[in-house]
2 protein chains.
Amino acid sequence: MFKALADGTRRTILDELTEQDGQTLFEICARLATKHGLASSRQAISQHLDALESAGLVRTSREGRYKFHHIDTAPLEPIVERWLAERPGR
Amino acid sequence: MFKALADGTRRTILDELTEQDGQTLFEICARLATKHGLASSRQAISQHLDALESAGLVRTSREGRYKFHHIDTAPLEPIVERWLAERPGR
DNA sequence: TTGACATGCAAGTCGTCACTTGCCTATCGT
DNA sequence: ACGATAGGCAAGTGACGACTTGCATGTCAA
């Protein structure tokens, strides 16, 4: 999961899904290109989405030929807690 | 910074520094080997510490021939916030 | 001052990762 | 049915990352 976050393009994808959840692969490609200036290929984005899904950060739902991608921030929550648990004031 | 967290050994180092802050390189080496079962060389740990320091997660202080490593969790805090900022109830 | 201790530097190796390339499957509209 | 759209699979390439190896620097105790 930390490895999934290690790539800047994947973090931008999470940004994009935070702004508008449930996008398809092509929608994400288009918005990354226009809004974020990233010129990544469809296959590259697809592989990034696979990585994010394997990490549990993205869940997918199929409807016909469309596959919608939803962000899931649950795996992120233990991150900060992990290294601040034994410190006072938390 | 996310790349610094992508490595499991580095995350274990942060765990160790959370448990006992201000350790030297050799102390970290010893405790990783005994408590966490990691058989990493001194040089490997040293390079991991460099990576963590570059990421701002570790700060160092020198005293004579000893170099103490202190964890700094400040860079971790924006992580979760980044992708939950615009969602309700947060 | 000399040897042991704690750390630093740099080149090289090997595996992994991001990306491409090429082709394939599936679904929808007409 | 046929073309167009949305997505999937897999091999190959180039670069980066983790680790090793070997030596060098700096510090302290005796």
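Me: Which element gives the most to the surface near DNA strand D?

Reply: In this predicted model, that is H4(B), which puts five residues there.

Me: And which residues come nearest to DNA strand D?

Reply: There are 21 residues around the strand, and the nearest are Thr24(A), Leu25(A), Ser41(B), Gly64(B) and Arg65(B). Both chains show up in that list. As for elements, chain A gives two or more residues from each of helix H3 (25–35), helix H4 (42–54) and strand S2 (66–71), and chain B does so from helix H4 (42–54).

Me: How many of those residues are nonpolar, polar or charged?

Reply: Near DNA strand D you'll find six nonpolar, ten polar and five charged residues.

Me: OK, now the other strand. Which residues are closest to DNA strand C?

Reply: Ser41(A), Gly64(A), Arg65(A), Thr24(B) and Leu25(B) are the closest of the 22 residues that surround DNA strand C. H4(A) has the largest share of this surface, with five residues. At least two residues each come from H4 of chain A and from helix H3 (25–35), H4 and strand S2 (66–71) of chain B. By class, the surface near DNA strand C holds six nonpolar, ten polar and six charged residues.

Me: Next, the two protein chains. How do I describe the way one copy sits relative to the other?

Reply: The general idea goes like this: two copies of a chain are related by a rotation about an axis and a shift along it. Here, a turn of 180° and a shift of 0.0 Å along the axis lay chain B on chain A, with an RMSD of 0.0 Å. That relation is a two-fold axis. In chain B, the C-alpha of Ala6(B) is nearest the axis, at 3.0 Å.

Me: How many residues does each chain bring to the contact between them?

Reply: Chain A brings 16 residues and chain B brings 16 residues. On the chain B side, helix H1 (2–5), helix H2 (8–19) and helix H5 (77–84) supply at least two residues each. H5(B) has the largest share of that side, five residues. The side of chain B that touches chain A is made of ten nonpolar, two polar and four charged residues.

Me: Why can I say that the copies meet through the same surface?

Reply: Look at how the interface residues match up: 100% of those in chain B are also interface residues in chain A, so the copies meet through the same surface.

Me: Let's go inside one chain. How do I read two helices that pack together?

Reply: You describe two packed helices by the angle between their axes and the distance between the axes. Take H2(B) and H4(B): their axes are 10 Å apart and the angle is about 75°. That makes the two helices, H2(B) and H4(B), roughly perpendicular. On the H2(B) side, Thr9(B), Arg10(B) and Ile13(B) take part, and they meet His48(B), Ala51(B) and Leu52(B) of H4(B). By class, this contact has three nonpolar, two polar and one charged residues.

Me: How do H2(B) and H3(B) cross, and how far apart are their axes?

Reply: These axes cross at roughly 105° and come within 11 Å. So H2(B) is roughly perpendicular to H3(B). Thr12(B), Ile13(B) and Glu16(B) are the H2(B) residues in this contact, while H3(B) offers Ile28(B), Arg31(B) and Leu32(B). Sorted by class, there are three nonpolar, one polar and two charged residues. Keep an eye on Ile13(B): that residue takes part in the contact with H4(B) and in the one with H3(B).

Me: What about a single residue, say Arg62(B): is it buried or exposed?

Reply: Counting C-beta neighbours tells you. Arg62(B) has 8 of them inside 10 Å, so it counts as exposed. You'll find Arg62(B) in strand S1 (residues 58–63) of chain B. Between Arg62(B) and Thr24(B) there are 9.7 Å in space, C-alpha to C-alpha, and the two are 38 residues apart in sequence.

Me: Last one: what pattern does chain A follow along the sequence?

Reply: The pattern reads α-α-α-α-β-β-α, from five helices and two strands. The C-alpha trace of chain A spans about 50 × 30 × 20 Å along its principal axes. Chain A has 90 residues, and 22% of them count as buried. Among contacts in chain A with a separation of 6 or more, 49% join residues 24 or more positions apart.

Terms used. Residues numbered from 1 in each chain as written. Chains lettered and ligands numbered in written order. Predicted model: local features only at pLDDT ≥ 70, side-chain atom pairs only at ≥ 80, totals over all residues. Near = placed C-beta within 6 Å. Helix = DSSP H or I, 4+ residues; strand = E, 2+ residues; numbered from the N terminus. Nonpolar A, V, L, I, M, F, W, Y, C, P; charged D, E, K, R; others polar. Contact = placed C-beta atoms within 7 Å. Axes fitted to C-alpha atoms, helices over the stretch in contact; angles between N-to-C directions. Parallel < 35°, antiparallel > 145°, perpendicular 65-115°, else oblique. Least-squares fit on C-alpha atoms with pLDDT ≥ 70 in both. Buried ≥ 20, exposed ≤ 12 C-beta atoms within 10 Å, placed from the backbone.
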